[in-house]
Amino acid sequence: MKSYKAKMVEPIELPSREEREAALERAGYNAFNLDARDVYIDLLTDSGTGTMSAEQWAAMIRGDEAYAGSESFARLADSVRDVMGFEHVVPTHQGRGAENVLYGVLLEDGDVVPNNSHFDTTRAHVVNQGAEPVDCPSPASRDPNSTETFKGNFDIDAGYALVEEVGADAIPVVVLTITNNSVAGQPVSMANIRATAEFARDIDAMFVIDACRFAENAHFIKTNEAGYENHSVAEIARAQFEHADAITMSGKKDALVNIGGFAAMRDETVFEHAKQRAILYEGFPTYGGLSGRDIEAMAVGLREAVTPPYVTDRVEQVAELGDLLVEAGVPVYQPTGGHAVYLDAGEVFPHVPKDEYPGQQLVCALYLEGGVRGVELGGFAFPGTDRPDLVRLALPRRTYSREHLEHVAETAAKVMASAGEYGGLEIVEEPPMKELRHFSARLEPVSN
């Protein structure tokens, strides 16, 4: 049973098949280039696309728009301290701003950065500092049908193998992403968080957690990890950070806001350097490119994210979509994660070669068949990697109903029924930085 009710609605309309075909061609077969008005169900991302609560909207009224020393920032700092346990906070306009601020301080040319799996902007910010991102995903993550619980874990053995290869001195930072977005939104266990922290300490590296979906991860620990069933999500959420030296946070995820983020750290020297970099790229360290209203909403959202009614509803709705898709015969990465359902495009289009981007073709097919927008997170989004061709359907928070989810499942079933009619795609235009090409590249159907 839902723990909230709607207080505002927005009309949406499904464009005709002919309109969708024309829109997709104009977009260069890239869903990022579609106009929002041409999309019926938008599952491109859960980043900043959700619905804020009445308490968040109320808090925005008291936003302190002072350039320096804002009271709104003080309330955000209190929330970060209470919910996550960090004393030093640098606000930013969103998560990639936090990555720029922190990694610009910690990394330099020639460094190597292991992560359970880098997501797109994290990978790009590491590369932008001249460093090399290396993924160390759990071996279980490679099997989309495995029902192992914590498939988002960091592979400690792979981490030590990397140390043997490049030397500990080359690794100043170890990153852990919770939940693991690139591995189908899979959670990370508390045991693995501790083990990764120990690995970082062993090689004298800073341990950084990408905390975007920390509350969802805490929910999975409570539900599935022995010894935590009697702890609250709030207690588990804070415990996740006990061994971390720093975090980056997109407030557009588990702070439940439409814009905002922050970096937080324990070391005062790192904090001072991060503040100076924030002044250069984001704004004064007590507003960080945000209005006081945005900061107020984020301060409230951080606290709401770890309350049982919210986070339980959130994860259960994602599981509901996963169940509907499985019932429709669609190949779904198992088990479903906290923020999205991931479809196995290689299973949907086994006749499409990997170098013709079956995942991106599945994104296009979902839009053509039902106006549903998702995102490819395989060879198109992560060039030069061996990641499986997955398509993410990310649910905005507190936004869609059961009827919307049913439409998504019906659309995916239509794609399955007509899968043989779809061929491959080829890139005809892409930006110089290939790590970010999926945001703007243009494609067209392969002629054969």
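**Figure 1. The largest pocket lies between two domains.** Both domain 1 (17–46 + 309–445) and domain 2 (54–306) give residues to the lining of the largest pocket, so this pocket lies between them. As in every view here, we are looking at a predicted model. The space in the largest pocket comes to about 1,500 Å³. It is lined by 39 residues, and those closest to its centre are Met8, Gly50, Thr51, Arg398 and Thr399. Sorted by class, the lining of the largest pocket has 16 nonpolar, eleven polar and twelve charged residues. Three helices each supply at least two lining residues: α2 (54–60), α12 (308–327) and α15 (402–417). Of the elements, α12 gives the most to this lining, with four residues.

**Figure 2. A closer look at threonine 399, one of the residues closest to the centre of the largest pocket.** Threonine 399 sits in the loop between β12 (390–394) and α15. Its relative accessibility is 33%, so threonine 399 counts as partly exposed. Try picking out methionine 52 in this view as well: 347 residues separate it from threonine 399 along the chain, yet their C-alpha atoms are 9.5 Å apart.

**Figure 3. The second largest pocket also has both domains in its lining.** This pocket holds about 440 Å³ of space. There are 29 lining residues, with Ser47, Arg96, Phe119, Asp120 and Lys253 closest to the centre of the second largest pocket. Two helices and a strand, namely α4 (95–106), α5 (120–128) and β7 (246–250), give two or more residues each to the lining. By class, the lining of the second largest pocket divides into nine nonpolar, twelve polar and eight charged residues. Since domain 1 (17–46 + 309–445) and domain 2 (54–306) both give residues to this lining, the second largest pocket lies between them.

**Figure 4. Histidine 438 and its polar contact with aspartate 120.** Start from aspartate 120, which is among the residues closest to the centre of the second largest pocket. Its side chain and that of histidine 438 are joined by a polar contact of 2.9 Å. Histidine 438 itself belongs to the loop between β13 (425–429) and β14 (442–445). With a relative accessibility of 2%, histidine 438 counts as buried, because the cut-off for that label is under 20%.

**Figure 5. The largest of three cavities.** Rolling a probe the size of a water molecule over the atoms shows where empty space is left. In this model, three cavities of 30 Å³ or more turn up, and the largest cavity has a volume of about 60 Å³. Its lining is made of 13 residues, and Gly50, Thr51, Leu256, Val257 and Arg397 lie nearest the centre of the largest cavity. Three of the lining residues are nonpolar, five are polar and five are charged. Domain 1 (17–46 + 309–445) and domain 2 (54–306) each contribute at least three residues to the lining of the largest cavity. You may recognise Gly50 and Thr51 from the first view, where they are among the residues closest to the centre of the largest pocket.

**Figure 6. Helix α14, enclosed by the rest of the structure.** Helix α14 covers residues 358–370, and at 1.5 Å a residue its 13 residues should span 18 Å. The C-alpha atoms at its ends are 18 Å apart, which agrees with that expectation. For α14, 13 of the 13 residues are buried, so the helix is largely enclosed by the rest of the structure. Follow the chain just past α14 and you reach glycine 371, which takes a positive phi of about 70 degrees.

How values were computed
Residues are numbered from 1 along each chain as its sequence is written. This is a predicted model: local features need pLDDT of at least 70, side-chain atom pairs count only at pLDDT 80 or more; totals for chains, interfaces and linings use all residues. Side-chain values use heavy atoms; hydrogens and water are left out. On a 1 Å grid over the protein atoms alone, a cavity is a set of points where a 1.4 Å probe fits but cannot get out, and a pocket is an open set with protein on both sides within 12 Å along at least five of seven lines; lining residues have an atom within 4 Å of a point. Grid points are joined across faces, edges and corners, and a volume is the space filled by probe spheres set on the points. Ala, Val, Leu, Ile, Met, Phe, Trp, Tyr, Cys and Pro count as nonpolar, Asp, Glu, Lys and Arg as charged, and the others, Gly among them, as polar. Domain bounds come from an automatic or database domain assignment. The expected span of a helix is 1.5 Å times one less than its number of residues. Buried means under 20% relative accessible area, exposed over 50%, partly exposed in between (1.4 Å probe, protein chains only). A polar contact is a pair of N or O atoms within 3.5 Å; within protein, one must be able to donate a hydrogen and the other to accept it, and residues adjacent in sequence count only if both atoms are side-chain atoms.
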